[in-house]
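Please look through the structure shown below with an eye to its charged pairs, its enclosed spaces and a few points of backbone and surface.

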Amino acid sequence: MPRQTRLFAGEQLRALRASVGLNQASMAARLGVSVSYLSQLESGVRPLTPTVTAALRRHHPLALAGIEDAAPALRLAALADALADPLLPAAPPADAIARLAEDRPEIADRFIALHSAMRAAEERLQMVEEAISSGSGGRMPWEAVRDWFHLAGNYIDPLDLAAEHLADGVSLFSREGGSSDWAPAFAGTQDRLRKALDNRGINVTTSDREDAPLAQFQDGILTISASLPPESRTFLLAHRLAATEFAPQIGDIVASAPLPNDAARNLLRIGLANYAAGALMMPYAAFRHAARELRHDIDRLCRRFGVSFEQACHRLSTLQRPGAEGIPFYFCRVDMAGNITKRHSATRFQFARFGGACPLWIVHEAVAIPDRIVVQHGETPDGVRYVSMAKGLVKQSGSFTRTPRRYAVTLGCEAEHAADFVYADALDRSAPTTPIGISCRLCSRNDCDQRAFPPADRGIAVDPDVRRTVPYRVV
């Protein structure tokens, strides 16, 4: 008998769950698997099993038929992506990959599974190293939530779709001239959000007290600090509207998330409301269309949608809706001490999970030069090239007695997307690239004068009679 081939259909399974409005816990129960196993299925780490296939045939026969019909194309795409990994030797020609996928599907599936397992093992190793370095037996609550968003691909389909529908319902956008394209209508964004909150029994007021929190919601009253800039005040209005309107969806997602304690669950609840607020202010289809049209020019996107520079950058990193993906970006925020306080990557770019990031990374220069955009053409040790922009920002405190927050944000994509990234125009991509890494602890380069300490998995050679910039050689 021919061997049963294995089918990886993570995106299709995730899209099916979103289309029927189920959270992971409900879908896992329907398919007879655990939530963690379903997460692995949706992430493409595991293939559909006979048990899962049988459950899909019972509950969603049409969807299963579509997945099975698309199996050859799914396999070929997954195999080509795995073989393109820069850590592997040069990929075979496209026709050879197609023949392998068609003639030996069981081998193709096995290779795809091994590649997925390798990537998952790398991420787990970094999580373990982070826990060891922190001196704790497990992740801190905010680390667990950050990893949850990373494993979710930083795209939450039920909230994104609901926010897009709500933006239409409260007329944050209008359709001009009967066009099918969204057009901004942000002249009165705060007024529209206030009216939407008022319709839900929530009154909005401001406070000029120096010791007041940025926002507080109590007894049906939302109090916002008057010291905040307009974009931040708009975001807080959207946050409260999203937290109120989408409370059931957020509750279901939090309940199904494998988090260690209540602190982590409350942080996830806040994070999901923040996500929904960003999706409400920058609805998916409208924002993706504008980003493509403007070649991802952040300042122009800010003017069009009435958002801050950081908000626009963060939203660009979430445009991963199945079937309507934006350009895969990495995004992060770095403070004056070099701590990465917010991060996500839809690319192969990886961030340092502990300690300092690579000192050659352009974001460190941006922190020291506020309100100026700097660009970089960098190359990581795995041979992947990235075009990146970074900008130093100052968030005013509203008072002389409080120090303003200074930090930088950076956004980057793989060099193959440079034509759609306006900041790449300022780079001479024929010149040598800047050799950037994750962190010194994880970087395999042995000839870097900026190295702060040796890589964790390599030895060093020290010659007392030879003086170099770095007092050892990596071996």
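**Salt bridges, cavities and surface**

At a relative accessibility of 1%, D147 counts as buried, since the cut-off for that class is under 20%. The model considered here is a predicted one. D147 forms a salt bridge with R146, in which the closest N and O atoms are 3.9 Å apart, and the partner R146 is partly exposed, having a relative accessible area of 21%.

This pair belongs to a wider set, for the structure holds 14 salt bridges. In another of these, the side chains of R200 and E245 meet with an N to O distance of 2.6 Å. R200 lies in the loop between α11 (189-199) and β3 (203-207), while E245 is in helix α12 (residues 230-245), so the pair ties together parts that are 45 residues apart in sequence. Both ends of this bridge reach the solvent to some degree: R200 counts as partly exposed at 32% relative accessibility, and E245 is likewise partly exposed, with a relative accessible area of 33%.

The side chains of E310 and K342 also meet in a salt bridge, at 3.0 Å from N to O. Here again distant parts of the chain are linked, because E310 sits in helix α17 (residues 309-316) and K342 in strand β7 (residues 340-345), 32 residues apart. E310 is buried, with a relative accessible area of 8%, whereas K342 is partly exposed, with a value of 24%. Beyond such single pairs, salt bridges that share partners join D160, E164, R315 and R321 into one network.

From the charged pairs we may turn to the enclosed spaces, where three cavities of 30 Å³ or more are counted. The largest cavity holds about 100 Å³ of space and is lined by 13 residues, among which C358, P359, C440, C443 and C448 lie nearest its centre. By class, this lining consists of eight nonpolar, three polar and two charged residues.

The second largest cavity holds about 40 Å³ of space, and the residues lining it are R288, A291, R292, H296, L316, L319, G326, I327 and F329. Helix α15 (residues 284-293) gives the most to this lining, with three residues. By class, five residues of the lining are nonpolar, two are polar and two are charged.

The loop between α15 and α16 (298-305) contains R295, a residue that has a positive phi of about 55° although it is not a glycine. R295 is partly exposed, with a relative accessible area of 26%. A positive phi is found as well at D371, near 65° and again in a residue other than glycine. D371 belongs to the loop between α18 (362-368) and β8 (373-379), and is exposed, with a relative accessible area of 58%.

In helix α14 (residues 262-281) the reader will find M281, which is buried, with a relative accessible area of 1%. M281 and F305 are 24 residues apart in sequence, and their C-alpha atoms are 7.2 Å apart in space.

At the surface, finally, M140, W142, L267 and I270 make a nonpolar patch of about 380 Å². Of these residues, W142 is found in helix α9 (residues 141-151) and counts as exposed, at 54% relative accessibility.

How values were computed
Residues numbered from 1 in each chain as written. Predicted model: local features only at pLDDT ≥ 70, side-chain atom pairs only at ≥ 80, totals over all residues. Heavy atoms only, no water. 1 Å grid on protein atoms, 1.4 Å probe; cavity = no way out; pocket = protein on both sides within 12 Å on 5 of 7 lines; lining within 4 Å. Points joined across faces, edges and corners; volume = space filled by probe spheres on them. Nonpolar A, V, L, I, M, F, W, Y, C, P; charged D, E, K, R; others polar. Helix = DSSP H or I, 4+ residues; strand = E, 2+ residues; numbered from the N terminus. Buried < 20%, exposed > 50% of the residue type's maximum accessible area, 1.4 Å probe, protein only. Patch = residues over 30% accessible without salt bridge, like charges linked within 9 Å, V, L, I, M, F, W, Y side chains within 5 Å. Areas by Shrake-Rupley, 256 points an atom, 1.4 Å probe, with all protein chains shown as cover. Salt bridge = Lys/Arg side-chain N within 4 Å of Asp/Glu carboxyl O.
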